[in-house]
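Please open the model in a viewer and keep the selection tool at hand. The tour below proceeds by selection, one stop at a time.

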Amino acid sequence: MSALRSSAPHPAAAELRCWKLGTFGELRSLRAALREAIQTHTDEVDDLFDRMAVVATELATNALRHGLPPTEVRLLREDDHLILDVADHDLGTLPELDRGRPLGAGGLGLQLTKTFAIDVGWYRTGSTKHVWASFPG
């Protein structure tokens with residue numbers, strides 16, 4: 001396993017939307033609301049939404065499964081980038097890539113995130129752990 005790069009995302013990013021999740025059942029409404037938000041803030045919707053929906057689902061699932069509630073998903077914008085920032089309250093667990101895991105064995109969320117996003121990182125605040133991914137937008 002290897003640790004994900006630790007760094008805060010774009011510091012001047014403005015929050016466009018925020019969703020609080022407590023259950024896996026809320027992921028469907030997150031994806032629908034994310035599509036609507038992307039349509040509002042960019043002209044390129046379908047391919048961008050497909051990539052961002054996978055990443056939002058994977059990161060939120062990781063936070064719900066391995067973190068401490070509540071899970072918070074934020075959509076941010078800085079210049080020509082859209083950023084997904086997913087937070088939970090488990091400060092003791094670091095996000096790690098498991099490069100040796102075979103396909104179909106689960107645990108590929110961060111690898112998919114690195115494939116679909118142009119940049120990925122994580123950071124901690126006093127009470128939350130954040131994993132973020134940026135996209136051209």
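Which side chain meets that of Arg51 in a salt bridge? Select Arg51 in this predicted model, and then add Asp47: their side chains form the salt bridge, at 3.2 Å from N to O. The two residues are 4 apart in helix α2, so about one helical turn separates them. An α-helix has 3.6 residues a turn, so residues three or four places apart point the same way. Colour the pair by accessibility: Arg51 is buried at 16% relative accessibility, whereas Asp47 is partly exposed at 44%.

**Further salt bridges**

The structure holds 6 salt bridges. For another of them, select Glu15 and Arg74, whose side chains meet at 3.4 Å, N to O. This pair links distant parts of the chain, with Glu15 in strand β2 (residues 14-21) and Arg74 in strand β3 (residues 71-78), 59 residues apart. Glu15 counts as partly exposed, at 44% relative accessibility, while Arg74 is buried, with a relative accessible area of 17%.

Next, select Asp46 together with Arg35. Their salt bridge has its closest N and O atoms 3.5 Å apart. Here too the pair links distant parts of the chain: Asp46 belongs to helix α2 (residues 46-66) and Arg35 to helix α1 (residues 27-41), 11 residues apart. Asp46 counts as exposed at 52% relative accessibility, and Arg35 counts as partly exposed at 27%.

**Helix α1**

Now select the whole of α1. The helix has 15 residues and reaches 21 Å from its first C-alpha to its last, close to the 21 Å expected at 1.5 Å a residue. Which residues of α1 are buried? They are Leu27, Leu30, Ala33, Leu34, Ala37 and Ile38. These buried residues cover an arc of only 140° around the axis, which puts them on the same side of α1. Turn the view to the other side of α1, where Arg28, Ala32 and Thr40 are exposed. Then return to the buried residues of α1 and display what they pack against: β2, α2, β3 and β4.

**The nonpolar core**

The next selection is the largest nonpolar core, which has 32 residues. Leu34, Met52 and Leu84 are those with the most contacts inside this core. The elements that give two or more residues to the core are β2, α1, α2, β3, β4, β6 (119-124) and β7. Of these, α2 gives the most, with 10 residues. In soluble globular proteins, nonpolar side chains tend to be buried together.

Centre the view on Met52 and show its surroundings. Which residues is Met52 in contact with, leaving aside its neighbours within four places in sequence? They are Leu34, Ile38, Leu75, Leu82, Leu84 and Phe135.

**Strand β4 and its partners**

From the core, move to strand β4 (residues 81-88). Is strand β4 mostly covered or mostly uncovered? Strand β4 is mostly covered, as 7 of its 8 residues are buried.

Add β3 to the selection: β3 and β4 pair in the antiparallel sense over 7 bridges. Within this part of the model, Val73 stands opposite Val86 in β4. The hairpin of β3 and β4 has 2 residues between the strands, and Asp79 in this hairpin takes a positive phi near 50°.

Then add strand β7 (residues 129-136), which pairs with β4 in the antiparallel sense over 8 bridges. To inspect one position, select Leu84 and its bridge partner in β7, Ala133.

**His89**

The last selection is His89, in the loop between β4 and β5 (96-97). His89 counts as partly exposed, at 30% relative accessibility. Which residues does His89 touch, not counting residues up to four places away in sequence? Display Leu68, Pro69, Pro70, Ser127 and Thr128 to see them. Finally, set a distance label between the C-alpha atoms of His89 and Ser127: these residues are 38 apart in sequence and 6.0 Å apart in space.

Key
Residues are numbered from 1 along each chain as its sequence is written. This is a predicted model: local features need pLDDT of at least 70, side-chain atom pairs count only at pLDDT 80 or more; totals for chains, interfaces and linings use all residues. Side-chain values use heavy atoms; hydrogens and water are left out. A salt bridge is a side-chain nitrogen of Lys or Arg within 4 Å of a carboxyl oxygen of Asp or Glu. Buried means under 20% relative accessible area, exposed over 50%, partly exposed in between (1.4 Å probe, protein chains only). Two strands pair if DSSP finds at least two bridges between them. The expected span of a helix is 1.5 Å times one less than its number of residues. The arc is that of the directions from the helix axis to the C-beta atoms. Contact means heavy atoms within 4.5 Å. A nonpolar core is a set of buried Ala, Val, Leu, Ile, Met, Phe, Trp, Tyr and Cys residues joined through side-chain atoms within 4.5 Å.
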